[in-house]
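Subject: Handover of a structure and its findings

Dear colleague,

Please find below the structure that I am handing over to you. My findings follow directly after it, and I would be grateful if you would read the two together.

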Amino acid sequence: MDIYPGVGNSQFYRLASPNCPATLVKFAAVTLQSRNQFKSLQVLRSLTQSGLSMEFPPDGYRRNVGICLVNPSRKIFAASRINVPDTWQMPQGGADEGEDLRNAALRELREETGVTSAEFVAEVPYWLTYDFPFEAKGRINRHWGTSYKGQAQKWFLFKFTGRDEEINLMGDGSEKPEFKEWSWMFPEQVLELAVFFKKPIYEQVLKVFSPYLVEDVNYGK
């Protein structure tokens with residue numbers, strides 16, 4: 001679970017209606033079984049060379065997991081935050097020290113969306129970080145009783161194997177709800193609606209997962 005008190009100033013965001021997306025750029029068609037691994041390695045090599053990825057989370061950043069949940073139509077689950085108007089994101093939340101990160105991702109998914117019908121597909125095998133915006137950093141850390149610069153995230157891709165009726169923004173009842181609306185979105189929509197300080201992370205995550213976000217007749221079989 002993540003809470004960002006006071007980050008809701010509308011000047012921070014560039015928004016677009018999820019029902020009226022901009023012109024979409026399609027991913028190139030690939031055969032998933034034969035080319036996924038190769039393309040993902042190419043992306044990760046590029047990230048490593050650019051210094052945008054790391055093997056271990058750096059000091060001063062909160063350990064966090066991010067979840068890219070994809071349905072059989074290759075759309076991504078995104079939800080709008082209750083406490084930050086007009087802000088959409090993929091699920092994410094803190095990981096306890098020593099907690100298995102994949103299990104942490106499944107726990108956060110269940111706590112925030114009620115979803116338990118999810119199969120692991122892939123992960124970004126590097127930590128990616130973002131800093132809290134200056135205007136909100138103090139409020140966030142006072143709320144948590146911490147002094148973090150931002151969050152270091154490990155991202156996971158899961159395939160949704162249930163029915164939409166399973167999705168419940170009240171979660172599993174163990175945590176206070178974070179979201180008020182949800183939608184299945186194209187990757188371009190997710191990027192368009194992301195808050196500015198998470199956008200670079202989302203761009204890198206979706207690059208790594210892009211081979212899995214194309215249509216394939218064998219998906220889900």
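In this predicted model, Trp182 is partly exposed, its relative accessible area being 29%. Trp182 forms an aromatic pair with Trp184, in which the ring centres are 5.9 Å apart and the planes stand at 85 degrees, an edge-to-face arrangement. Trp184 has a relative accessibility of 12% and therefore counts as buried, since the limit for that class is under 20%.

Aromatic residues

In total, the structure contains 11 aromatic pairs. One of them joins Phe77 to Trp182: with 5.7 Å between the ring centres and 25 degrees between the planes, this pair is stacked. The angle decides the class here, because planes under 30 degrees apart count as stacked. Phe77 belongs to strand β2 (residues 76-81) and Trp182 to strand β8 (residues 179-185), so the pair ties together parts of the chain that lie 105 residues apart in sequence. Phe77 counts as buried, at 0% relative accessibility, whereas Trp182 is partly exposed. Phe77, Trp182 and Trp184 are joined by Phe160 in one aromatic cluster.

A further ring has a charged partner: Arg102 lies over the face of Phe120, 3.6 Å from the ring centre.

Salt bridges around helix α2

The structure holds 8 salt bridges. As background, side chains of opposite charge can pair when their charged atoms come close. Which residues make up the network of salt bridges? The linked residues are Glu99, Arg107, Glu108 and Glu111. Within that network, the side chains of Glu99 and Arg107 meet with an N to O distance of 2.9 Å. Glu99 and Arg107 are both buried, and the relative accessible area of Arg107 is 17%.

Arg107 also meets Glu111 in a salt bridge, at 3.4 Å from N to O. These two residues are 4 places apart in helix α2, which means that about one helical turn separates them.

Is Glu111 buried or exposed? At 10% relative accessibility, Glu111 counts as buried, because buried means under 20%. Glu111 lies in helix α2, which covers residues 101-113. Apart from its neighbours within four places in sequence, Glu111 is in contact with Met170, Gly171, Asp172, Ser174 and Glu175.

One of these contact partners, Asp172, forms a salt bridge of its own with Arg110, with the closest N and O atoms 3.1 Å apart. Asp172 sits in the loop between β7 (150-160) and β8, while Arg110 is in helix α2, so this bridge ties together parts that are 62 residues apart in sequence. Asp172 is partly exposed, with a relative accessible area of 34%, and Arg110 counts as partly exposed too, at 31%.

The chain as a whole

The protein chain has 5 helices and 8 strands. Read from the N terminus, its elements follow the order α-β-β-β-β-α-β-β-α-β-β-α-α. Of its 221 residues, 47% count as buried. The chain exposes about 11,200 Å², of which carbon and sulfur atoms supply 50%. Among contacts with a separation of 6 or more, 80% are between residues 24 or more positions apart.

Confidence

How confident is the predictor in the chain, and where does pLDDT stay under 50? The mean pLDDT of the protein chain is 77, with 69% of the residues at 70 or more. Over residues 3-51, pLDDT stays under 50. For that same stretch, the model has 83 contacts beyond four places in sequence.

In summary, two pairs described above bridge separated parts of the chain: Phe77 with Trp182, and Asp172 with Arg110. Arg107 appears in two of the salt bridges described here, one with Glu99 and one with Glu111.

With kind regards

Technical notes. Residues are numbered from 1 along each chain as its sequence is written. Side-chain values use heavy atoms; hydrogens and water are left out. Buried means under 20% relative accessible area, exposed over 50%, partly exposed in between (1.4 Å probe, protein chains only). Contact means heavy atoms within 4.5 Å. Rings of Phe, Tyr and Trp (its six-membered ring) pair if their centres lie within 6.5 Å; planes under 30 degrees apart count as stacked, over 60 as edge-to-face and the rest as tilted. A charge sits over a ring if NZ of Lys or CZ of Arg is within 6 Å of the ring centre and within 35 degrees of the ring normal. Accessible areas come from the Shrake-Rupley method with a 1.4 Å probe; for residues, only the protein chains shown count as cover. A salt bridge is a side-chain nitrogen of Lys or Arg within 4 Å of a carboxyl oxygen of Asp or Glu. pLDDT is the predictor's confidence in each residue, from 0 to 100.
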